[in-house]
Amino acid sequence: MRSTHTPSGRLRDSSSPWHHHHALRLATDSPTHLLRTAQGGTCGDCGNHVHWYWSIEHQPICLHPHELPAAAVPEVHRWHIGGGIAYPAGDGSSWCRITHRTLCPALDTPRPLTQHLARLRQHLALETRRRLDAGSFTPPGREPSAGFRTLPLCQPARPVVDLLGSRYLATQPIAEIRCVARTRRHTRCLHRVLAPRKPHGIWRLTALLPGRPPVLPAVEIAVYDLGDLAHAEQQRWRAQHCPTHALIPEVTDVVPESWEIFDPLLHHQHTATRLPAGRTWHRRRG
């Protein structure tokens, strides 16, 4: 990827201190189909700014948005950016990047941090407190006034679902996904796809991108897995029909089914790293 603007006056992390309109284009030998530049966002757990990159394993990696002195970062936590791709090691320079997960004040510290990283983590915790007090950030499943250090319950509003060998993003919580079939009165069916007398899926902690070896630090997300259900039952879920309408071959739909192909970069704000409270679950790495 190349940019048509003049690179002078840039910061060490390759970001610009001024706001410009850049003319970007994809390199012909790019290993990804995205512009190889940071995708900005905020952490769903602490509300601080983060940058998303593709790793060499083609997994999205969430990095702290600024470079840090390499001497202050243990070697195991060092990352660097080359050609828009994140590499899990230093590049021999005196600066490096670090994953946000290592610093996130809402998560447990992975191991004792250096003094520099501990101070940075405290700074992020203060930023989170400021956002909570201002009402500009409320973690999912947590009231604004709740204690910050208590991990929030995971109740995904748009859960990730494994179905028929593919991964989808739902538009509603699992229990609220409604049948899209037309009734005899030409109205939309009021029943839910999740039926009491039908087999249910299982919440799992699984790799962000199944079938690929995770890079360090491992990224796992909560997924509602329907893959162990019978093929006909998975087809019913994919068609978004209640059990009654699934038995009617000539049934027509009032609205299209609402599944969306899950994209780890585009939908990272909807990924949950903890399981819903009180749910039966299994851990799957594949």
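**Exercise 1.** In which loop is His186 found? Work out as well whether His186 is buried or exposed.

*Solution.* The structure is a predicted model, and the steps below describe that model. First, place the residue along the chain: His186 sits in the loop between S11 and strand S12, the latter covering residues 202-207. Next, turn to accessibility: because exposed means over 50% relative accessible area, His186, at 58%, counts as exposed. Finally, look at the backbone, where phi of His186 is positive, at about 65 degrees, although His186 is not a glycine. As background, most residues other than glycine have a negative phi.

**Exercise 2.** Describe where Leu164 lies, what its phi is near, and how accessible it is.

*Solution.* Begin with the position: Leu164 belongs to the loop that runs between strand S10 (160-163) and strand S11 (166-169). Then take the backbone angle, which is near 55 degrees for phi, a positive value in a residue other than glycine. Last comes accessibility: the relative value for Leu164 is 32%, so this residue counts as partly exposed.

**Exercise 3.** Determine where His267 is found, whether it is buried or exposed, and which residues it touches.

*Solution.* The loop between strand S14 (260-261) and strand S15 (281-284) holds His267. Its relative accessible area is 7%, and since buried means under 20%, His267 is buried. Leaving aside residues up to four places away in sequence, His267 touches Leu169, Glu260, Ile261 and Phe262. With Glu260 there is also a polar contact of 3.0 Å, which joins the two side chains.

**Exercise 4.** Find how many aromatic pairs the structure holds, and characterise the pair formed by Tyr224 and Trp237.

*Solution.* The count of aromatic pairs in the structure is 3. For Tyr224 and Trp237, the ring centres are 6.3 Å apart and the planes stand at 50 degrees, so the pair is tilted. This pair links distant parts of the chain, with Tyr224 in strand S13 (residues 220-225) and Trp237 in helix H3 (residues 231-239), 13 residues apart. Tyr224 counts as buried at 4% relative accessibility, and Trp237 is buried with a relative accessible area of 1%. As a last step, add Trp203, which forms one aromatic cluster with Tyr224 and Trp237.

**Exercise 5.** State where Val76 is found and how far apart Val76 and Pro88 are in space.

*Solution.* Val76 is located in the loop between strand S6 (68-69) and strand S7 (80-82), and it is partly exposed, with 46% relative accessible area. From C-alpha to C-alpha, Val76 and Pro88 are 8.2 Å apart in space, while in sequence they are 12 residues apart.

Key:
Residues numbered from 1 in each chain as written. Predicted model: local features only at pLDDT ≥ 70, side-chain atom pairs only at ≥ 80, totals over all residues. Heavy atoms only, no water. Helix = DSSP H or I, 4+ residues; strand = E, 2+ residues; numbered from the N terminus. Buried < 20%, exposed > 50% of the residue type's maximum accessible area, 1.4 Å probe, protein only. Polar contact = N/O pair within 3.5 Å; in protein donor to acceptor, adjacent residues only side chain to side chain. Contact = heavy atoms within 4.5 Å. Phe/Tyr/Trp six-rings, centres within 6.5 Å; stacked < 30°, edge-to-face > 60°.
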